[in-house]
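Work through these exercises with the structure open beside you. Try each task before you read its solution.

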Amino acid sequence: MAMISYVHDRPAAPARRRRLARARQHALAAVAGASLLSACSGTAPAPPEPQMPTVTSTHEIAPSAAGIAAYGEFWRVSELAFAAPTAQDWEAELSMVARGQALTDLVIEVRNYASVPAHVEGAITHDARPDPVLAPKPDRVSVLDCIDISGSMLVADADGAVLDDQASQTPRYQYRAEVVRDASGTWLVETTAPSLDQPC
């Protein structure tokens, strides 16, 4: 049997309906704008108060915050694809949050799910933060996450059978990612690396 590459936490083997990896995104980093205040007095209108700068895109926020926000979006879109892998060809949508190795592996994994066919139910949790041993750069942020997959499972579309090998899977493990800013200023996840031998 041909080996299928690891993507998130388990090897994919669609022919035997075994142990496919799953994903669920944890919402991260919201950006709020300042409200505009206005005042009037007497009969003449008062001049408008100066506006506070409003953050409108990841171009304008610190690299670490932008990288974490992009990483959260990567998981949000991944979760949609894993929950309904046969609903569409997800490659175009996934390419809006990932590139390089991260995108290639993610597309393979979604297609593996679709070939079973199976989908992810439930939720996993994240505790993502900038990697403390790799300082963020203006165009690159290293993310260290602790993923807990114990609240989710891979389920066969046909009969609802649980396909995870729950006895041997690692329920909580470290997960690293590199998030980069491309020439247009968009932040994308470029590499991912689950560390099953590093529980958290």
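The model used here is predicted.

**Exercise 1. The largest pocket**

Find out what kinds of residue line the largest pocket, and which helix gives the largest share of the lining.

*Solution.*
1. Start with the space itself. The largest pocket has a volume of about 230 Å³.
2. Look at its lining, which has 13 residues. Closest to the centre are Glu-73, Met-96, Val-97, Thr-186 and Trp-187.
3. Sort the lining by type. Seven residues are nonpolar, three are polar and three are charged.
4. Now find the main contributor. Helix α1 (residues 63-83) gives the largest share, six residues.

**Exercise 2. The largest nonpolar core**

Identify the residues with the most contacts inside the largest nonpolar core, then follow Leu-94 outwards.

*Solution.*
1. Recall the general trend. In soluble globular proteins, nonpolar side chains tend to be buried together.
2. Turn to this model. Its largest nonpolar core has 37 residues. Tyr-71, Phe-74, Leu-94 and Val-143 have the most contacts inside this core.
3. List the elements that give two or more residues to the core: α1, α3 (100-115), β1 (118-122), β3, β4 (152-156), β5 (172-181) and β6 (187-195). The largest share, nine residues, comes from α1.
4. Follow Leu-94. Beyond its neighbours within four places in sequence, Leu-94 is in contact with Val-77, Ser-78, Ala-81, Leu-103, Leu-106, Val-107 and Val-110.

**Exercise 3. Helix α3 and the loop after it**

Compare the reach of α3 with its expected span, then say what covers its buried residues.

*Solution.*
1. Check the span. α3 has 16 residues and reaches 23 Å from its first C-alpha to its last. That is close to the 22 Å expected at 1.5 Å a residue.
2. Pick out the buried residues of α3. Among them are Ala-102, Leu-103, Asp-105, Glu-109 and Tyr-113.
3. Find the cover. It includes α1, α2 (91-94), β1, β4 and β6.
4. Move on to the loop between α3 and β1, where Pro-117 is found. A cis peptide bond joins Val-116 and Pro-117, with omega at about -10 degrees.

**Exercise 4. Cys-146**

Is Cys-146 buried or exposed? Give the reason, then name its contacts.

*Solution.*
1. Locate the residue. Cys-146 is found in strand β3 (residues 140-148).
2. Apply the cut-off. Buried means under 20% relative accessible area. Cys-146 has 10% relative accessibility, so it counts as buried.
3. List the contacts beyond four places in sequence: Thr-125, His-126, Asp-127, Arg-172, Tyr-173 and Cys-200.
4. Take one of these partners. Tyr-173 is 27 residues from Cys-146 along the chain, yet their C-alpha atoms are separated by 5.7 Å.

Methods
Residues are numbered from 1 along each chain as its sequence is written. This is a predicted model: local features need pLDDT of at least 70, side-chain atom pairs count only at pLDDT 80 or more; totals for chains, interfaces and linings use all residues. Side-chain values use heavy atoms; hydrogens and water are left out. On a 1 Å grid over the protein atoms alone, a cavity is a set of points where a 1.4 Å probe fits but cannot get out, and a pocket is an open set with protein on both sides within 12 Å along at least five of seven lines; lining residues have an atom within 4 Å of a point. Grid points are joined across faces, edges and corners, and a volume is the space filled by probe spheres set on the points. Helices (H or I, at least four residues) and strands (E, at least two) are DSSP runs, numbered from the N terminus. Ala, Val, Leu, Ile, Met, Phe, Trp, Tyr, Cys and Pro count as nonpolar, Asp, Glu, Lys and Arg as charged, and the others, Gly among them, as polar. Buried means under 20% relative accessible area, exposed over 50%, partly exposed in between (1.4 Å probe, protein chains only). Contact means heavy atoms within 4.5 Å. A nonpolar core is a set of buried Ala, Val, Leu, Ile, Met, Phe, Trp, Tyr and Cys residues joined through side-chain atoms within 4.5 Å. The expected span of a helix is 1.5 Å times one less than its number of residues.
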